[in-house]
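Reader: I would like a close look at one part of this chain, the helix packing. Please take the helices pair by pair, and then go down to single residues.

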Amino acid sequence: MLLLVGIATGYKGYAQIPDMPLSEIVAAAERSVASAKVTSYQSLYSAHLKDHQALYRRVTIDLGKEFGSSSSSTDKRVSEFAANPDPALLALYFNQGRYMLMTSSRPGTQPANLQGIWSDELRPPWSSNWTSNINVQMNYWPVETCNLSECHLPLADMIADLSQNGAKTAQVNYGANGWVSHHNIDLWRQSAPVGMGTEFATPTWANFAMSGPWLCAHLWEHYLFTGDESFLRKVYPIMRGSAEFCLSWMVDDGKGGLTTCPSFSTENTFFAPNGTPASTSFGCTLDLALIRELSTNVQQAATILNTDFAFATKSAPSSSVCPTTRLGDGASFRSGQSIMRKTSRGSATCHSFTLSTPAPRSRRATTHSLHRQLENRLRGGLHTVALTQVGAAHGSSDYGRVLKTETWLGSLSRC
């Protein structure tokens, strides 16, 4: 039996009212079915296969395998992984991630969100939004290294939309220049903090104001992999606008430098000096690393495009703004110039972002700390392992150690 399904929407854009009449939406869905009806199954299948293989066959991975492992069912291979390491299962996991991205993020579509395109619920967990304090970034970490550059474009389009709303949020909420976004983005390009009036809201995620610089890293990475100067020229104002916000957001640290305040190591809490749990601080590692990377990228982009030298120089990073990362014991992270002990072994490792930045001194310290964190957290369980980007963009000599750790974690992580 061949089942043909047509789907259409009245959504016309984040800044437009979805007021398309129902009859027009139904007619649009019917047209796609009518078009498919006159095409044979074999032709439909061949077209699908051609489209799939054009992307999927760009990359292959072979991690080897244990004898007989690939003949078992996937659920059995997962449950037995700790006792019987199965490298081929990790390759399957890698390929599943590629498949999910290439089927849920194509030019002209929305970017891949928390549930992709497979949610069967009207109101899915987290509303099937884009959680931008690490999750949407994780969706796209392998996109360029897996030669799926065109699948990156929906995210770039969303960032462009977000920068428009984010400029209003920066001005209204903070009296700041540029644009800002926080930890949660929806179809309407929500850029302000969320969670007001809910019992579970906490500043450690709701008030994270650094997702703009983090998202801009994807714009720069797309340019690095494609060398497309027309793309870079198009997105440079977005990167510049995020850097403008950072300049407005930073404050005097009282020691002749600049820092961020308030600051949140997103989804991490720590013990304040008086021993009470806290989440709000100043100058957290993640903030400073993101700002440093954005500033560096803006400076390089301005040089490539031969434009905006005055601003690029103004926003250039300095050691007074982003001091060298200090080493904790794996259960702590830096806040300002202090090492703050974490309250739990939670899942977030966002403060290890410096592993993917070009600063070798910071990267060495952070790699050492990350190994300690992972050892501590595995004792209490871990639901997200976010290491796939670590060091890859800059050829870190520590990447082999991190990859080895990630493989080891495969048996214990639950995504």
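Author: What follows goes from the whole chain to three helix pairs and then to two residues. The model is predicted.

First, the setting. The chain holds 13 helices and 8 strands. It has 415 residues, and 44% of them are buried. Its accessible surface is about 21,000 Å², with 55% of that belonging to carbon and sulfur atoms. Take the contacts between residues at least 6 apart in sequence: 63% of them join residues at least 24 apart.

Now helix 6 and helix 8. Helix 6 covers residues 153–174, and helix 8 covers residues 211–226. Their axes lie 10 Å apart, and the packing angle is about 135 degrees. Angles over 145 degrees would count as roughly antiparallel. Helix 6 and helix 8 are therefore oblique to each other. The crossing is left-handed. Helix 6 brings Leu 153, Leu 155, Ala 156, Ile 159 and Leu 162 to this contact. Helix 8 answers with Leu 215, His 218, Leu 219 and His 222. By class, that gives 7 nonpolar residues, 2 polar and no charged.

Helix 6 also packs with helix 9. Here the axes come within 11 Å and cross at roughly 30 degrees. Angles under 35 degrees count as roughly parallel, and helix 6 and helix 9 are therefore roughly parallel to each other. Helix 6 passes helix 9 in a left-handed crossing. From helix 6 come Leu 153, Ala 156, Ile 159, Ala 160, Ser 163, Ala 170 and Tyr 174. They meet Phe 231, Ile 238, Phe 245 and Trp 249 in helix 9. This contact has 10 nonpolar residues, 1 polar and no charged. Leu 153, Ala 156 and Ile 159 serve in the contact with helix 8 and in the contact with helix 9.

The third pair is helix 9 with helix 10. Helix 9 runs over residues 229–249, helix 10 over residues 285–305. The axes are 9 Å apart, at an angle of about 140 degrees. That makes helix 9 oblique to helix 10. Once again the crossing is left-handed. Helix 9 supplies Glu 229, Leu 232, Arg 233, Tyr 236, Met 239, Arg 240, Ser 242, Ala 243 and Cys 246. Helix 10 supplies Ile 291, Leu 294, Asn 297, Val 298, Ala 301, Ala 302, Ile 304 and Leu 305. The tally is 12 nonpolar, 2 polar and 3 charged.

Next, Met 239. This residue sits in helix 9. Its relative accessible area is 0%, so Met 239 is buried. Setting aside residues up to four places away in sequence, Met 239 touches Cys 216, Leu 219, Trp 220, Leu 232, Leu 294, Asn 297, Val 298 and Ala 301. Of these, Leu 294, Asn 297, Val 298 and Ala 301 belong to helix 10, while Leu 219 belongs to helix 8. Gly 212 is 27 residues away from Met 239 in sequence, yet their C-alpha atoms are 8.5 Å apart.

Last, Thr 169, back in helix 6. Thr 169 counts as buried because its relative accessibility is 8%, and the cut-off is under 20%. Beyond its neighbours within four places in sequence, Thr 169 is in contact with Tyr 174, Val 180, His 182, Ser 191 and Ala 192. One of these, Tyr 174, is also part of the contact of helix 6 with helix 9.

Conventions. Residues numbered from 1 in each chain as written. Predicted model: local features only at pLDDT ≥ 70, side-chain atom pairs only at ≥ 80, totals over all residues. Heavy atoms only, no water. Axes fitted to C-alpha atoms, helices over the stretch in contact; angles between N-to-C directions. Helix = DSSP H or I, 4+ residues; strand = E, 2+ residues; numbered from the N terminus. Parallel < 35°, antiparallel > 145°, perpendicular 65-115°, else oblique. Left-handed = near helix turned anticlockwise from the far one by under 90°. Contact = heavy atoms within 4.5 Å. Nonpolar A, V, L, I, M, F, W, Y, C, P; charged D, E, K, R; others polar. Buried < 20%, exposed > 50% of the residue type's maximum accessible area, 1.4 Å probe, protein only. Areas by Shrake-Rupley, 256 points an atom, 1.4 Å probe, with all protein chains shown as cover.
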